[in-house]
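Reader: I am new to reading structures, and I would like to understand how the words used for side chains are justified. Could you take me through them slowly?

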Amino acid sequence: GADIAAVPHALVFVKNSSVVEVDLDSSQSNPSSIGLLSEVRSGSTVETELLFAIVDVYGQVIRTNSDSSAFLRVDPDRTRDEFAKIETASRQAINGIFNFQNATTIGTPGQSIQVQVTSETLQLTTTAELQINFRLCEAGEILTRTKICRICGDNLDPSSPREELITKQYSLDTNDNACSSCPDNAYCWGGNQIGPQAGYWRVSTDSSKIIRCPNSD
């Protein structure tokens with residue numbers, strides 16, 4: 001008969017890179033719908049490993065494949081979000097595994113998008129429904145026109161001298177459409193993080209009002 005072992009047959013989501021075989025007939029190991037990521041900030045990079053294996057017809061991971069390429073993209077047939085986009089999404093296989101960690105995912109906050117993994121070199125596309133769920137923007141973030149939850153002061157270098165933090169931006173209200181300049185007599189660490197300079201105090205954690213201490217001692 002035909003030699004079909006080690007011939008790419010499918011791209012399958014896997015939870016760890018050491019897997020050697022998956023049961024293609026099991027709905028538990030190869031479900032029709034997979035919640036890949038949840039509570040994602042639109043515009044953020046994937047912080048965890050997001051792995052897809054090249055398997056043969058027997059479900060064996062083809063470990064000898066380290067030259068095929070694939071990319072993570074929005075599934076055009078299952079997604080209606082016009083702002084949905086995946087950036088830096090092309091990957092090369094390593095020992096039969098594609099890892100899409102650090103890809104940037106964008107979608108309307110509060111909604112979900114469907115994505116797929118496609119390899120033109122292998123002529124394969126994932127068949128399962130792969131879903132990414134975006135959370136709403138939080139305090140310290142503003143919603144841009146392209147539906148990204150941008151963190152105010154996201155260019156902040158944590159090692160910056162405290163004096164430089166005076167010029168950083170912040171936001172306290174999730175309805176803000178622009179970041180605000182750091183208040184006078186305060187330090188801003190980015191997002192919704194504000195602290196008073198020496199000799200001043202902050203009215204409350206949800207206020208940007210900074211007041212001079214009545215007793216500077």
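Reader: Are R135 and E141 buried or exposed, and how do you know that?

Author: Both R135 and E141 are buried, a word that stands for under 20% relative accessible area, while exposed stands for over 50% and partly exposed for what lies in between, using a 1.4 Å probe and protein chains only. This is a predicted model, in which local features need pLDDT of at least 70, side-chain atom pairs count only at pLDDT 80 or more, and totals for chains, interfaces and linings use all residues. Residues are numbered from 1 along each chain as its sequence is written, and side-chain values use heavy atoms, with hydrogens and water left out.

Reader: Why is the contact of R135 with E141 called a salt bridge?

Author: A salt bridge requires a side-chain nitrogen of Lys or Arg within 4 Å of a carboxyl oxygen of Asp or Glu. The closest N and O atoms of R135 and E141 are 2.8 Å apart, so the pair meets that rule. R135 and E141 also belong, with E138, to a network of salt bridges.

Reader: What makes D75 buried and R78 partly exposed?

Author: D75 has a relative accessible area of 3%, which falls under 20%, and therefore it is called buried. R78, at 38%, lies between the two cut-offs and so counts as partly exposed. Their side chains meet in a salt bridge, with 3.5 Å from N to O.

Reader: How many salt bridges are there by this rule?

Author: The count comes to four salt bridges, and one of them joins K85 and E87, whose closest N and O atoms are 3.4 Å apart.
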